[in-house]
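I opened the model to go through its loops, its metal site, its charged pairs and its helices in turn. These are my notes, in the order in which I looked things up.

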Amino acid sequence: MAEGRSKRASGEAIETVGDRLYSAYANLAMASASVARGIASYDALSYMVRSRLAKGLRTGAMNVGSLFDDTRKMPTDRCVYCAAVPPPALHADHLIPRHRGGPESGDNLVWACRTCNVRKSSRDMLEWYASQEQFPPLAVLRRYLKLALAESRTRGLMDVKVVDEPEVTFSLRLVPVKFPPPSGLRWLP
Ligand SMILES: [Zn+2]
């Protein structure tokens with residue numbers, strides 16, 4: 001254990017924003033594919049999906065899919081956080097809050113029931129799930145990671161070290177690098 005910790009600590013010292021986001025995105029692809037296949041724990045094919053994408057993203061041979069597609073496929077008839085179908089209306093919720101500089105664009109908006117909207121309040125999506133000690137639905141996390149990538153690329157922050165704590169609108173430190181097994185994950189509630 002001690003060795004594992006020190007390895008992580010030394011890895012952190014050189015980890016860039018790009019490393020963190022690409023690693024999270026590759027893990028997300030592995031988790032999504034595994035959930036879609038209905039397997040309870042990761043297998044050789046899962047790890048192959050992850051390593052191919054991680055390498056592809058780093059070398060520039062592959063890229064993340066468009067945010068527009070994600071936004072278009074998001075449910076508009078129920079809460080993305082709890083799947084409630086509340087009458088009479090859903091509330092538009094910002095994944096990255098406006099007061100942190102989250103964009104006003106549709107890419108940053110999801111539909112939430114009043115209860116989730118009020119509970120989440122002005123918190124960032126990752127902060128909210130962390131406070132409940134839960135892992136976010138993969139579809140919501142993917143939207144969030146794409147927003148984080150778009151911002152980091154636009155602002156030239158991909159090569160900045162995480163330990164240097166660049167000012168970003170998203171919760172860089174909470175971007176998950178370790179994912180639970182697929183049995184504990186869902187694409188959407
Ligand atoms: Zn809800």
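**Entry 1: residues with positive phi**

I began with Ala 83, which lies in the loop between H4 and S1; helices (H or I, at least four residues) and strands (E, at least two) are DSSP runs, numbered from the N terminus. The model is a predicted one, in which local features need pLDDT of at least 70 and side-chain atom pairs count only at pLDDT 80 or more, while totals for chains, interfaces and linings use all residues. Residues are numbered from 1 along each chain as its sequence is written, and side-chain values use heavy atoms, with hydrogens and water left out.

The phi of Ala 83 is near 70°, a positive value in a residue other than glycine. I kept in mind that most residues other than glycine have a negative phi. Ala 83 is partly exposed, with a relative accessible area of 25%; here buried means under 20% relative accessible area, exposed means over 50%, and partly exposed is in between (1.4 Å probe, protein chains only).

I then turned to Ser 121, in the loop between H5 and H6, where phi is near 55° and again positive in a residue other than glycine. Ser 121 has 46% relative accessibility and counts as partly exposed.

**Entry 2: the zinc site**

Which residues coordinate the zinc ion? I found Cys 79, Cys 82, Cys 113 and Cys 116, each through SG, at 2.3 Å. Donors are N, O and S atoms within 2.8 Å of the metal (3.2 Å for Na, K and Ca), and water is not among the atoms, so sites may look incomplete.

The angles among the 4 donor atoms run from 105 to 115°, and the site is tetrahedral, a label that four donors receive if all angles lie between 85 and 135 degrees. Along the chain, the donors follow the spacing C-x2-C-x30-C-x2-C. Cys 79 lies in the loop between helix H4 (67–73) and strand S1 (91–94), and Cys 113 in the loop between strand S2 (109–112) and helix H5 (114–120), so the pair ties together parts that are 34 residues apart in sequence. I also checked accessibility, and both Cys 79 and Cys 113 are buried.

**Entry 3: salt bridges**

My search of the whole structure gave 7 salt bridges, each being a side-chain nitrogen of Lys or Arg within 4 Å of a carboxyl oxygen of Asp or Glu. I noted three of these pairs, as follows.

One of them joins the side chains of Arg 37 and Asp 43, at 2.6 Å from N to O. Arg 37 is partly exposed at a relative accessible area of 37%, and Asp 43 is partly exposed at 27% relative accessibility.

Another joins Arg 98 and Glu 104, whose closest N and O atoms are 3.1 Å apart. Arg 98 has a relative accessible area of 43% and is partly exposed, as is Glu 104 at 45%.

I also looked at Glu 127 and Arg 100, where the closest N and O atoms are 3.0 Å apart. This pair links distant parts of the chain, with Glu 127 in helix H6 (residues 125–131) and Arg 100 in the loop between S1 and S2, 27 residues apart. Glu 127 is partly exposed at 23% relative accessibility, and Arg 100 is partly exposed at 33%.

**Entry 4: helix H7**

Is helix H7 enclosed by the rest of the structure or open? I found 13 of its 17 residues buried, so H7 is largely enclosed by the rest of the structure.

For helix H7 (residues 138–154) I compared the expected span of 24 Å with the distance between its end C-alpha atoms, which is 24 Å and agrees; the expected span of a helix is 1.5 Å times one less than its number of residues. Just after H7, Gly 156 takes a positive phi of about 65°.

Within H7 I picked out Ala 148, which is buried with a relative accessible area of 0%. Leaving aside neighbours within four places in sequence, Ala 148 is in contact with Leu 21 and Phe 170, contact meaning heavy atoms within 4.5 Å.

**Entry 5: confidence**

Last, I looked up pLDDT, the predictor's confidence in each residue, from 0 to 100. The protein chain averages 89, and 92% of the residues score at least 70. Among its elements, helix H1 (residues 2–14) has the lowest mean pLDDT, 56, and H6 the highest, 96. Over residues 1–6 the pLDDT is below 50, and this stretch has 0 contacts in the model beyond near neighbours in sequence.

Technical notes:
Four donors count as tetrahedral if all angles lie between 85 and 135 degrees; four count as square planar and six as octahedral if opposite donors are over 155 degrees apart and all others between 65 and 115; anything else is irregular.
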